[in-house]
Amino acid sequence: MESGRGNPGQPPPDRLAVRTVPVTDPRSLVSRLPDPAALAWIRHGDGLVGWGEAARITLPAGEDRFTAGEKWLRELFDRATIDDQVALPGSGLVAFGSFTFDPTCDGSVLVVPGAVLGRRSGQAWLTTIGDPAGSARPVSPLAPPAEVRWHDGSLPAPDWERAVATAVSRIRSGGLGKVVLARDLYATASADIDVRVLLQRLAERYPDCYTFACAGLVGATPELLIRRQDDDISSLVLAGTIPRGRDAEEDRALGASLLASAKETEEHEYAAAGVRATLAPLCDELSVDSRPSVLRLANVQHLATAISGRLARNGQGTDHSVLSLVAALHPTGAVCGTPTEVAMELIRELEGMDRRRYAGPVGWVDAHGNGEWGIALRCAEVDGARARLFAGGGIVSGSDPAAELAETQAKFRPMQFALEA
């Protein structure tokens, strides 16, 4: 059943009958996905996977796309009959979502699966909508991609380096402090790409990241935009990047140079300050790391600032669902720049492409307004046998075009690994 595609004003489906029951721990969530049309949000083996569609909406362009999507969901959630025997965040009625980076672009989507398998700290559950027997599909065999061929994206490497140089010149002349520039890369396989294979490889190789899939967008993002569990919220801001070393000693040396780099810490502070400024008016309590730390992933190291807080009970934070918080935060300085409006215009001018849902929010929300949303990084849009990969970096006055190009090449590697491993 599909409702409201391209029309957020259309009513959601008729009343949904939702049932959540405990099940035996499935160990691997991805292994239970019956077919390539997968929905997923997984970290350290915990999370949610979904299949089938009970309802779906594709939202048109506009600054109000988050508000329109939340209104559609609220009507659907309020009319549903929910029997939740687990009562954990992510049980009961859940929607997966993925929003465009640029408000002028169509394509934001919310999907309510026909079935959701969840796992948290060894406790597992299954949510079904309608007849539970309809969710019991046999698992089709996984088909790894074969004979992957690579093609330039919108801007070949030399042209993208020139765009970076132009951005540095604009920053030095005043008007903005940082802009994030991205580039794309195309892959073509000899047969349709099975998203489950990509999820499996990413989850195993990058367990500290949030491995996700929603409407063909698949990846493993290290950046948690916002998590809400009742009144408690948290975020992990990442900006500033350096490669991993060949051994532990080189790793430590590179991490120390990242912390000492004026260019990287400047880039990071723009991103952290923006998130802090957005969340502070919504919270009674807000805790922000006094200085960034180094987050080591399988392929790169990032500067990271952890932020946590408690939503105000009698103020602007009251009744904020996680999707409302996503709307308030996006786009952050980590994926756009500072000031936001100036950086967004420069991105449109220099990138030569539509980012679509790359660098937009991706995640899930339940009927209580709880959920987890990341920024869609280290990802690709998969359509049949083709995949479009994305990578970007923050540009400040001290940026070097060749170094920025090398950073994007490192950020392409997770998805290249997923396609070619």
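## Exercises on helix packing and buried residues

In this predicted model, the cover over the buried residues of α3 includes β2 (39-43), β12 (210-214), β13 (217-221), β22 (379-383) and α8. The exercises start there.

### Exercise 1: Helix α3

Task: Find which residues of helix α3 (residues 195-205) are buried.

Solution.
- Step 1. Go along α3 and pick out the buried residues: Val-195, Arg-196, Val-197, Leu-198, Leu-199, Arg-201 and Leu-202.
- Step 2. Look at what lies over them. Strands β2 and β12 are among the covering elements, and so is helix α8.

### Exercise 2: Two residues that touch α3

Task: Place Val-30 and state whether this residue is buried or exposed.

Solution.
- Step 1. Val-30 sits in the loop between β1 (17-23) and β2.
- Step 2. Buried means under 20% relative accessible area. Val-30 has 5% relative accessibility, so Val-30 counts as buried.
- Step 3. Set aside neighbours within four places in sequence. Val-30 then contacts Ile-42, Arg-196, Leu-199 and Gln-200.
- Step 4. Check a distance. Val-30 and Ala-54 are 24 residues apart along the chain, and their C-alpha atoms are separated by 20 Å.

Task: Do the same for Thr-211, and list its contacts beyond four places in sequence.

Solution.
- Step 1. Thr-211 belongs to strand β12.
- Step 2. Its relative accessibility is 0%, so Thr-211 counts as buried.
- Step 3. The contacts are Ala-40, Trp-41, Ile-42, Leu-199, Leu-202, Ala-203, Tyr-206, Gly-219 and Ala-220.
- Step 4. Compare the lists. Leu-199 and Ile-42 appear for Val-30 and again for Thr-211.

### Exercise 3: Helix α2 against α8

Task: Describe how helix α2 (residues 157-172) packs on helix α8 (residues 401-420).

Solution.
- Step 1. Two packed helices are described by the angle between their axes and the distance between the axes.
- Step 2. For α2 and α8 the angle is about 125 degrees, and the axes are 9 Å apart.
- Step 3. The two helices are therefore oblique to each other.
- Step 4. The crossing of α2 past α8 is right-handed.
- Step 5. From α2 come Ala-157, Trp-160, Glu-161, Val-164 and Ala-165; they meet Pro-401, Ala-402, Glu-404, Leu-405 and Thr-408 of α8.
- Step 6. Sort the residues of this contact of α2 with α8 by class: 7 are nonpolar, 1 is polar and 2 are charged.

### Exercise 4: Helix α2 against α7

Task: Repeat the analysis for α2 and helix α7 (residues 340-350).

Solution.
- Step 1. The angle is about 150 degrees, with 11 Å between the axes.
- Step 2. Angles over 145 degrees count as roughly antiparallel, so α2 and α7 are roughly antiparallel to each other.
- Step 3. Their crossing is right-handed.
- Step 4. Ala-163, Thr-166, Ala-167 and Arg-170 of α2 make the contact with Leu-346, Glu-349 and Leu-350 of α7.
- Step 5. The classes in the contact of α2 with α7 are 4 nonpolar, 1 polar and 2 charged.

### Exercise 5: After α7

Task: Locate Tyr-358 and find its surroundings.

Solution.
- Step 1. Tyr-358 lies in the loop between α7 and β20 (361-366).
- Step 2. At 5% relative accessibility, Tyr-358 counts as buried.
- Step 3. Beyond four places in sequence, Tyr-358 contacts Phe-101, Ala-182, Ala-376, Leu-377, Cys-379, Phe-390, Ala-391 and Gly-392.

### Exercise 6: Confidence

Task: Find where pLDDT stays under 50.

Solution.
- Step 1. The protein averages a pLDDT of 92, and 95% of the residues score at least 70.
- Step 2. Residues 1-10 stay under 50.
- Step 3. Where pLDDT is low, the predicted coordinates should not be read in detail.

Technical notes:
Residues are numbered from 1 along each chain as its sequence is written. This is a predicted model: local features need pLDDT of at least 70, side-chain atom pairs count only at pLDDT 80 or more; totals for chains, interfaces and linings use all residues. Side-chain values use heavy atoms; hydrogens and water are left out. Axes are lines fitted to C-alpha atoms, for helices over the stretch in contact, and angles run from 0 to 180 degrees between N-to-C directions. Helices (H or I, at least four residues) and strands (E, at least two) are DSSP runs, numbered from the N terminus. Angles under 35 degrees count as roughly parallel, over 145 as roughly antiparallel, 65 to 115 as roughly perpendicular and the rest as oblique. A crossing is left-handed if the near helix is turned anticlockwise from the far one by less than a right angle, and right-handed if clockwise. Contact means heavy atoms within 4.5 Å. Ala, Val, Leu, Ile, Met, Phe, Trp, Tyr, Cys and Pro count as nonpolar, Asp, Glu, Lys and Arg as charged, and the others, Gly among them, as polar. pLDDT is the predictor's confidence in each residue, from 0 to 100. Buried means under 20% relative accessible area, exposed over 50%, partly exposed in between (1.4 Å probe, protein chains only).
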